Structure formats: C-alpha cells, structure tokens
Amino acid sequence: MKYVDEFRAPELIGRAGEEIRKLADPRRHYRIMEVCGGHTHAIYRFGLKDLLPENVELIHGPGCPVCVLPMGRIDDGLSLTAKPEFIFAAFGDMMRVPGTHGSPLEYKARGMDVRIVYSPADALKLARMNPDKHVVFFAIGFETTAPSTALTIIRAKSEGLPNFSIFCNHVTIIPAIRAILDSPDMRLDGFVGPGHVSTVIGCRPYEWIAQDAGKPVVVSGFEPLDILQSIVMLLRQLRNGEAKVENQYKRVVPWEGNRAALRAMAEVFELRPYFEWRGLGFISQSALKIRSVYGEWDSEQRFTVPGVRVTDPKAAQCGEVLKGVLKPSQCKLFGRECTPEQPIGALMVSSEGSCAAHYNYSQHRPITIASAAAV
Amino acid sequence: MCLAIPGKIVEIDAHNAQLAVVDVVGVRRKVDLGLLQEESVHPGDWVLIHVGFAMSKISETDAADQMRTLMILGESEAAMQEVQGYGLENENDDSLGRGPVS
Amino acid sequence: MATPVSKIKFREPQIEMAHGAGGKASRRLVEGLFAPLLFGASQGPLGDAAHIQINGTRIAMTTDSFVVNPLRFPGGSIGELAINGTVNDLAVSGARAEAIVVTYVLEAGLPTEILEAEVRAMAKAAEEAGVRIAGGDTKVVEHGKADRMYVTTTGIGRLIPGVAISPDSVKPGDKILLSGPIGDHGITILLARGELDLEAEIQSDTRSVFPLVQSLVQASSGGVRWMRDPTRGGVATSLNELARDCGRGIVLFEEKIPVRDAVRGACELLGLDPLHIANEGQFLAVVAADQADAALDALRHAPGGEEAVVIGEVRDEPAGSVLVTTLYGGGRLVDMLVGDPLPRIC
C-alpha cells in the first residue's frame with residue numbers, strides 16, 4: 001500500500017530505534033505523552049515500546065473520543081431512540097460501549113433498530129431510504145471527524161430532510177491537553193501531537209504548549225516510522241533545551257490547517273459552555289453543539305433528552321488511566337471483571353482505548369527478530 | 001472509527017464534482033471532496049480519507065523528503081549538518097503550506 | 001442407555017447474534033449448554049466432525065447450517081456453501097465425504113426460480129466434490145420467518161487411512177500450514193450486501209478442500225497432527241481453539257500470512273483484521289517439523305494449493321494463546337473473535 005508500506009520498512013525502523021537510543025540521555029527519564037488514541041493503537045500494534053530504551057516512557061493520553069464519553073450520554077442517545085419510529089446509527093466502535101442498561105448491540109438484540117455506518121453520509125442515506133423513520137446519528141470524535149458531521153448537517157438542511165438529526169458528542173483536543181498539563185499528578189517532557197486532528201486545526205493551536213508550558217510538541221503521523229521519527233525529533237529538542245512545535249507529518253498536515261473544514265465547523269457548531277469528560281470532569285468550552293439555525297437537525301433541540309448524569313462504577317479506574325496516571329494493568333478490574341468481551345468501561349471496548357490495546361497486545365514476552373525469521 | 005488512510009483518486013463523479021471514486025489497493029469507494037474546496041483535486045492525486053471524506057491531499061514531495069531524512073538516520077553528525085543545509089528538514093521550505101508562515 | 005448429564009455452565013439470559021458468530025460467545029454456548037446436556041462426560045475436545053464406531057467400522061459425521069445473506073454473491077451462493085462446508089468439515093477431520101442429506105427451511109413467497117438456482121448449485125457442487133446427495137427434508141414457514149431460505153446439510157464419510165488427528169498430538173516445533181489467502185469469503189459477503197459504498201474484485205473462495213487434504217496426508221505419512229477449516233471467526237478463532245485444546249502456544253509470522261491486496265484494502269478501510277474473517281475454501285494443518293517441507297511441497301503442486309504457505313509454528317509459550325509477530329520484533333496476542341462484526345456471512 002503506497003504511503004503506508006514504505007513507512008513500515010523494518011530496516012529504517014531499526015535505524016530509528018538506534019537513533020533514539022543514541023539521543024536518550026542515560027541520566028534522564030523521559031515521559032512523553034501520545035495524545036491520540038490512534039497513536040496508542042499503533043504503538044501497541046507495531047510493538048514500538050519494545051524498541052525504546054528503558055528511560056523513554058510513553059504515556060497514553062485521553063485522545064480517544066469513545067473513551068472520554070460519559071455513560072450518561074450513551075444512555076441519553078439510546079433512550080431517545082428506543083422507540084419503533086427511530087433508527088440509531090453510529091460508527092462500529094460505539095456498538096459495544098456499555099450504557100447503564102446495555103450497549104447499542106444489546107439494545108439491537110432487544111428489538112431496537114441499530115445500524116453500523118462508516119460515514120455520517122451513510123446515516124443521511126439511511127434517512128433518505130427510510131422516510132417513515134427518524135434517523136439519529138450518534139456523532140462522536142474530535143476535530144478530525146467534526147467537519148464531516150458539519151458538512152452532513154449542511155447537506156441535510158439544503159435538502160430539507162425532515163427525518164434526520166445528529167446527537168452531537170464532538171469534543172475538542174486542546175482543552176483536554178490543558179487539563180492534563182494542569183493536573184498535579186502529571187510530569188511530562190513532551191507530546192507526540194495528534195496527526196489527523198491537525199489536518200483540520202493545523203499546528204498553531206499547540207504553540208502555547210511550547211511557549212507557555214515549555215514542552216516540545218511534534219505533530220506525528222501514524223505509521224511506525226512516523227512515530228519513531230517524532231520521538232527522535234522530541235529527544236533532539238530536549239537535548240538542545242528547546243521547546244517548539246514541529247510538523248513530522250508534513251505529507252498530510254498543513255501548518256495552517258484545513259480552512260474549508262474549519263469554516264464548515266464554524267458555520268454549524270458553537271462551543272458548549274462546559275461538557276463532562278469521563279475521567280477529566282467538567283471542562284469548559286471543550287465540546288461542540290449545533291447552532292440553533294441548524295436546530296432542526298440537532299436531536300437535543302428537536303427532542304427531549306433526559307440528560308441524566310451517570311457516574312462510573314466505583315471500582316473502575318477509567319479516569320486515572322485516561323489521564324495517564326495509571327497504566328491499564330494497574331486498574332483493579334483490568335483483565336478480571338473488565339475484558340474486551342465484558343467491558344466495564346469504554347477504554348476496554350474502543351480499538352483506540354489504552355486498556356483494549358494493552359490487553360490485546362501486551363501480555364507476552366518480546367520475541368527477537370532472529371527467532372521470528374527462523375521458519 | 002478514527003481511521004484515516006491514503007487512497008488514490010480514480011475519477012471525479014460526472015454529476016457531482018464533490019464526489020470522487022477513490023482506490024485503496026484495489027478497493028473502490030465513493031468519497032466526499034467537500035472539505036477540500038480550497039485545493040483542486042484531479043484523478044491520480046492521493047488523498048487522506050476519514051469516515052468517507054477526503055481530509056487532505058498527500059504531498060508526494062513531502063513524503064519523498066521524509067523518506068530521505070529517515071534513510072540518513074544513523075549516519076554521522078557531520079552528514080546530518082550537511083543535509084540540513086540543503087533544507088530538507090527546513091520547516092520554511094514548503095510547497096503545500098506544511099511549515100510555519102514566517 | 002441414558003447419556004450422563006453434566007452441569008450447565010451457560011448463564012446468559014438470552015441468545016445474542018454473537019452466539020452464532022463462531023467466536024468466544026459461540027464456544028460458551030456450545031460448551032456451557034449443549035455439551036453438558038447432549039454429549040455427557042465422555043466427550044473430548046469438540047472437533048469439526050464426530051467419529052463414530054458402528055460394528056467395528058469408524059465413520060465420520062458432521063452437520064452445518066447456512067444462513068447467508070445475500071443468497072448469491074461473487075464466487076458462489078448458499079447452495080455451494082452448503083455442500084462444500086460439510087465436505088470440508090469431514091475432510092479436515094480426516095474423512096472423505098460419502099453422502100449428504102439436506103434440510104431446507106423455506107420462506108413462503110420465495111420465488112421458485114431462486115430455489116431452483118440453489119438446488120442446481122448444490123447438485124453441481126456435490127458432483128464436483130464427488131459426494132452423493134442421499135435425501136432430505138423441506139419445511140415452509142410464514143413470510144418473514146426465514147429470510148428467504150436456510151439450508152442444513154448433514155454428511156457422513158469414511159476415514160482416510162493413516163490419519164490420526166488429535167490436538168493432544170500437537171508438539172512444540174510442529175509447523176502450521178495454511179492452504180491459501182484468507183478473508184476472501186467474509187469480505188465478499190460484506191461488499192455484496194451493498195450497504196457500504198465499496199467495490200472490489202474479490203470473490204468467495206468456496207470449494208472442496210478434500211483433494212488438497214488428501215495430497216497433504218499422502219505426502220506426510222502420519223505427520224499430520226491436526227486440521228481445521230477456518231470459517232466463521234477466521235484463522236484466529238480456529239488457532240485459539242487449538243491452543244486451548246493442546247495447551248501450547250501458537251506463534252504466527254505476520255508477513256507470511258497471505259492476504260489478497262483487495263481484501264487487505266477493504267479490511268484497512270473498515271478497521272477489520274483478516275485473521276477474524278471467514279473463509280470457505282481454505283484449511284489449516286499442523287504438521288510434524290521433519291515432514292513440513294514435503295507436506296508444503298505436495299500442497300503447492302496440487303491444483304488449487306499453489307499459494308499454500310507455512311505461517312507459523314507451535315511453541316511452549318505463550319501457552320493457550322496465539323501470538324502474531326512482526327518483522328520489527330514486536331508481537332500481539334490475537335484472541336478468538338469477540339462479538340460479531342460480520343453477521344450472516346455463512
């Protein structure tokens with residue numbers, strides 16, 4: 001696959017690993033946070049931790065939109081649509097996320113009309129094909145996904161489609177990073193920045209992290225070579241006592257972001273005064289809601305939504321793991337009561353959740369390249 | 001699903017210039033070009049696809065530059081300095097707006 | 001004589017789609033409800049087919065039901081699946097299929113021409129597989145109760161001489177052979193549903209694997225320890241079952257696992273793992289190390305086996321699990337299929 005395979009070349013990966021070992025000062029212990037769930041997943045999938053020296057530690061950040069969604073919002077979405085005249089549409093990742101009375105898939109087994117879609121445009125198509133039902137698209141995601149939802153709402157309005165609305169749970173990444181930096185439990189040296197969010201917002205929004213908080217940020221792609229190169233760039237900055245924002249993912253990320261995408265978002269969305277994030281509590285100006293001019297396509301403006309706040313089960317430590325304070329294996333329920341098959345929290349369900357990644361990828365001893373080649 | 005993957009534009013829809021058919025190693029999918037209004041997109045271009053929408057054009061030049069940088073990793077500091085002099089790692093050198101505006 | 005009844009371990013209050021997906025939930029249902037009540041304490045590890053002794057003759061017997069949507073797809077239809085699926089279950093248990101009986105559950109309102117097309121497809125598949133269709137049964141249910149048609153086939157066969165397959169015989173050092181590229185069938189069905197705007201040149205791999213199994217067995221003189229056809233739940237589920245049953249570790253080498261480009265592309269686009277996708281024309285075999293070369297050679301020279309490859313080996317660790325390693329030295333545990341990403345594919 002072009003633009004994928006070459007960034008997985010084993011020899012270059014080996015060299016990048018070597019460079020990291022050369023750059024890492026043995027007297028220091030580096031704590032680098034990768035913000036985005038997609039990076040967490042890639043790190044585990046390609047076994048990148050095995051390539052890093054002991055004193056370079058990767059901390060998983062809260063950039064997994066499924067993981068940070070409080071259970072109450074899932075309950076709201078499901079209770080709204082658990083009636084015969086509704087269709088509940090969402091990405092595959094949402095389907096097994098537990099609400100108080102079950103996950104969307106479990107609701108489907110009980111007779112609710114639940115559909116997996118791969119694009120908000122698919123949900124729009126569902127509405128066109130089922131004029132006698134109301135399709136609610138349960139929208140999640142950071143700024144990577146919000147513009148696509150925005151464009152879909154714009155299209156729905158121009159068509160005057162009456163039986164379609166969005167239950168909007170889009171959140172923004174900068175307030176989450178601010179909350180991490182403000183947290184007294186965290187000591188971080190630098191950030192691997194979210195590559196795909198940055199295709200929309202560009203690299204400027206991270207400048208305060210370098211200038212005010214004094215931490216280097218490298219906006220990174222998702223292939224193994226991208227992530228390793230980003231770590232090289234961070235270690236170089238740290239060695240030189242620098243703190244600036246760099247763009248490793250130049251082939252895809254424009255420094256100024258995607259103006260058309262930002263315009264679509266500004267047209268359709270405004271910031272909620274505050275929004276609850278699982279594990280991080282209420283954060284102001286951190287989530288998007290649909291403007292009243294598009295109110296007909298906003299499930300919350302069109303219908304009454306219970307808005308019940310649900311706290312996580314007491315024993316579950318989703319919050320601490322989300323902030324990077326605890327490693328997944330340190331949560332008391334990890335691998336016992338909470339597994340990918342019987343998840344208690346969303347971090348174990350989402351393919352980008354650090355608990356799911358740790359469970360699937362980490363429970364073995366590293367195998368050397370030599371023995372792997374001996375077949 | 002927050003996957004974004006590269007795909008090649010095969011054809012622009014004759015009836016709707018906002019839609020294109022994209023190829024990902026032999027699998028074809030219709031993709032919405034509505035977020036790429038500031039850039040012109042043609043068959044043969046590569047784009048990054050996320051939830052059925054094209055998010056960004058992929059720069060062949062930047063990808064090649066990056067591979068060059070990666071290939072010289074592990075060589076001497078002197079070689080690195082020399083390469084930096086050529087501007088391959090220079091954020092101000094960019095054709096598609098990939099570095100900071102100075 | 002009554003079958004001794006063991007304790008029921010299945011505690012879930014209702015049946016979900018996942019219980020039919022071929023992964024963990026299916027295993028819980030079979031082991032927790034069916035096995036204790038139906039098979040009694042004498043049953044060993046559950047295989048693709050049962051081996052029964054009647055008056056000194058050992059025969060193999062298996063059954064399978066087919067609930068595919070859509071009925072027709074590139075590369076085949078429910079008719080072919082119904083025959084090849086049962087022939088293959090018998091083949092990987094070390095038996096040549098001799099006779100099959102068929103049950104049809106038909107939905108009222110099903111056009112006759114659709115039924116006729118499937119019956120023709122079954123007749124053709126049976127002829128190609130060299131198996132006799134010996135009889136059957138038909139039921140018709142009201143409109144809306146059977147999604148067009150459900151087909152069940154039950155087959156019996158004779159054991160191939162020289163084959164003694166058992167998970168207990170699997171040893172560290174044994175090699176794992178795969179007959180060809182994976183994921184074709186499941187992805188074909190997904191695309192054929194037309195719900196995604198995806199198009200690709202992929203077709204179902206449905207075929208009888210018996211000729212390949214026969215070549216393998218003939219070339220390996222007793223070195224074949226275990227075989228399975230990885231249908232629902234894919235290669236990952238089949239090998240996880242083996243790892244559990246034999247108590248050893250299975251290590252696969254990612255770069256050796258054959259996946260067609262288009263299947264890989266579709267999986268990347270949809271966030272699926274080819275190791276969990278159903279196949280209808282491939283099989284896995286565990287072969288003693290000193291015979292693996294000869295076995296692979298025989299497969300590659302047999303028609304349809306050209307893409308056979310060694311994808312991994314049996315080790316002591318990680319005991320009971322399947323590990324996929326990559327060229328960079330990293331590794332990931334691959335579990336049985338959890339949930340049901342692709343319902344109604346076979």
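Modeller: A polar contact is a pair of N or O atoms within 3.5 Å; within protein, one must be able to donate a hydrogen and the other to accept it, and residues adjacent in sequence count only if both atoms are side-chain atoms. This is a predicted model, where local features need pLDDT of at least 70, side-chain atom pairs count only at pLDDT 80 or more, and totals for chains, interfaces and linings use all residues. Residues are numbered from 1 along each chain as written, chains are lettered from A in the order written, and side-chain values use heavy atoms, without hydrogens and water.

Biologist: How do you know that chain C is in contact with chain B?

Modeller: Contact means heavy atoms within 4.5 Å, and 13 residues of chain C are in contact with 10 of chain B.

Biologist: What makes up the area buried between chain C and chain B?

Modeller: That's the accessible area (1.4 Å probe) the two lose on being put together, summed over both. Here it's about 1000 Å², 68% of it from carbon and sulfur atoms. Asp197(C), Glu199(C) and Leu269(C) supply 47% of what chain C buries against chain B, more than any other three residues.

Biologist: How many residue pairs are in polar contact between chain C and chain B?

Modeller: Just 1, with both residues at pLDDT 80 or more.

Biologist: Why are β3 of chain B and β9(C) called paired?

Modeller: Strands (E, at least two residues) are DSSP runs, numbered from the N terminus. Two strands pair if DSSP finds at least two bridges between them; 3 bridges join β3 (residues 27-32) of chain B to β9(C), so they qualify, running antiparallel. Arg28(B) stands opposite Glu199(C) there.

Terms used. Helices (H or I, at least four residues) and strands (E, at least two) are DSSP runs, numbered from the N terminus.
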